[in-house]
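Colleague: Please take one part of this model and go through it closely. I would like the aromatic pairs, and then whatever surrounds them.

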Amino acid sequence: MTVDPAFVDRAEAVCTSYADYNAEHLLRLPGFSRFAPDPDQLPKVAAFLDRNPAYHTLVSKLEGLGDPSTGGTAWTTAVADLGDGQRLVQEEVRQARARDADAFAAAEQDRADSNAALHADLIAAGLSPNSPCLAAQVDPLQTTTAMH
């Protein structure tokens, strides 16, 4: 069962500022490869990821909405996925600050896999593919490094 439309609207209202942030803040680091990073570039990547408010407060704000009247199990799964993503980003930040390219690349792969599951679970909960909640969790490294 999917989340009721009124709850989806409230969740998407929460997600909109995070999606807007992601659309406006792109990693501009020419030559950066997330799966074979230059250790000297990693501190900049750490700072970039750590500044993103979605990786600090999005889950708690969505949890603050309470439970939807329908689709509670689907919503709980999606929010748990968001929490996993936040933990994985913090692992990436730790590894990037340590300039550990191999550990960073492994954490990035884990986060990419987590994002795929998250997107599937948000869709299963009844959010549209254009939902700001999906845009709030876009992979900023994949999106921006493909442009450089």
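Modeller: Let me begin away from the rings, with one charged residue on a helix. Glu91 has a relative accessibility of 25%, so Glu91 counts as partly exposed. This is a predicted model, and that applies to every value here. Arg94 is likewise partly exposed, at 49% relative accessible area. Glu91 and Arg94 form a salt bridge, with 2.7 Å between the closest N and O atoms. Both sit in helix H4, residues 72-97, and are three residues apart, about one turn of the helix.

Now the setting. The protein chain has seven helices and zero strands. Along the sequence the pattern reads α-α-α-α-α-α-α. The C-alpha atoms fill a box of roughly 50 × 25 × 20 Å along the principal axes. The radius of gyration is 16 Å; a compact globule of 148 residues would have one near 15 Å, which agrees. Of the 148 residues, 47% are buried. The accessible surface comes to about 7100 Å², and carbon and sulfur atoms hold 54% of it. Take the contacts with a separation of 6 or more: residues 24 or more positions apart account for 78% of them.

Next, the rings you asked about. How many aromatic pairs does a search of the whole structure find? The search finds two. Phe7 and Trp75 form one of them: the ring centres are 5.2 Å apart and the planes stand at 80 degrees, so the pair is edge-to-face. Phe7 belongs to helix H1 and Trp75 to helix H4, so the pair ties together parts 68 residues apart in sequence. Phe7 is buried, with a relative accessible area of 1%. Trp75 counts as buried too, at 4% relative accessibility.

Phe32 and Phe104 make an aromatic pair that is also edge-to-face. Here the distance is 6.3 Å centre to centre, with 70 degrees between the planes. Phe32 lies in the loop between H1 and H2, and Phe104 in helix H5, so this pair ties together parts 72 residues apart in sequence. Phe32 is buried, with a relative accessible area of 6%. Phe104 is buried at 0% relative accessibility.

Now the nonpolar surroundings. The largest nonpolar core has 24 residues. Trp75 is among the residues with the most contacts inside this core, along with Leu58, Leu62, Leu122 and Leu127. Which helices each supply at least two residues of this core? They are H1, helix H3 (54-63), H4, H5 and helix H6 (132-135). H1 gives the largest share, six residues.

Leu127 deserves its own look. Leave aside its neighbours within four places in sequence. Leu127 is then in contact with Val8, Glu12, Trp75, Leu122 and Cys133. Trp75 thus appears in this contact list and in the edge-to-face pair with Phe7. Apart from the largest core lies another, of 15 residues. Phe32 is among its residues, as are Ala46, Leu49 and Ala96.

Last, the charges that sit close by in the chain's loop and helices. A search of the whole structure finds seven salt bridges. One of them joins Arg34 and Glu108, with the closest N and O atoms 2.3 Å apart. Arg34 lies in the loop between helix H1 (5-24) and helix H2 (42-51), and Glu108 in helix H5 (residues 101-124), so the pair ties together parts 74 residues apart in sequence. Are Arg34 and Glu108 buried or exposed? Both are buried.

Glu108 has a further partner. The side chains of Glu108 and Arg111 meet in a salt bridge, at 2.9 Å from N to O. Both lie in helix H5, three residues apart, about one turn of the helix. Glu108 and Arg111 are both buried. Salt bridges that share partners join Arg34, Glu92, Glu108 and Arg111 into one network.

To draw the second site together: the loop between H1 and H2 holds Phe32, and helix H5 holds Phe104. The loop also holds Arg34, and H5 also holds Glu108. An aromatic pair links Phe32 with Phe104, and a salt bridge links Arg34 with Glu108.

Notes. Residues are numbered from 1 along each chain as its sequence is written. Side-chain values use heavy atoms; hydrogens and water are left out. A salt bridge is a side-chain nitrogen of Lys or Arg within 4 Å of a carboxyl oxygen of Asp or Glu. Helices (H or I, at least four residues) and strands (E, at least two) are DSSP runs, numbered from the N terminus. Buried means under 20% relative accessible area, exposed over 50%, partly exposed in between (1.4 Å probe, protein chains only). A nonpolar core is a set of buried Ala, Val, Leu, Ile, Met, Phe, Trp, Tyr and Cys residues joined through side-chain atoms within 4.5 Å. Contact means heavy atoms within 4.5 Å. The radius of gyration is taken over C-alpha atoms; the globule rule is 2.2 Å times the number of residues to the power 0.38. Accessible areas come from the Shrake-Rupley method with a 1.4 Å probe; for residues, only the protein chains shown count as cover. Rings of Phe, Tyr and Trp (its six-membered ring) pair if their centres lie within 6.5 Å; planes under 30 degrees apart count as stacked, over 60 as edge-to-face and the rest as tilted.
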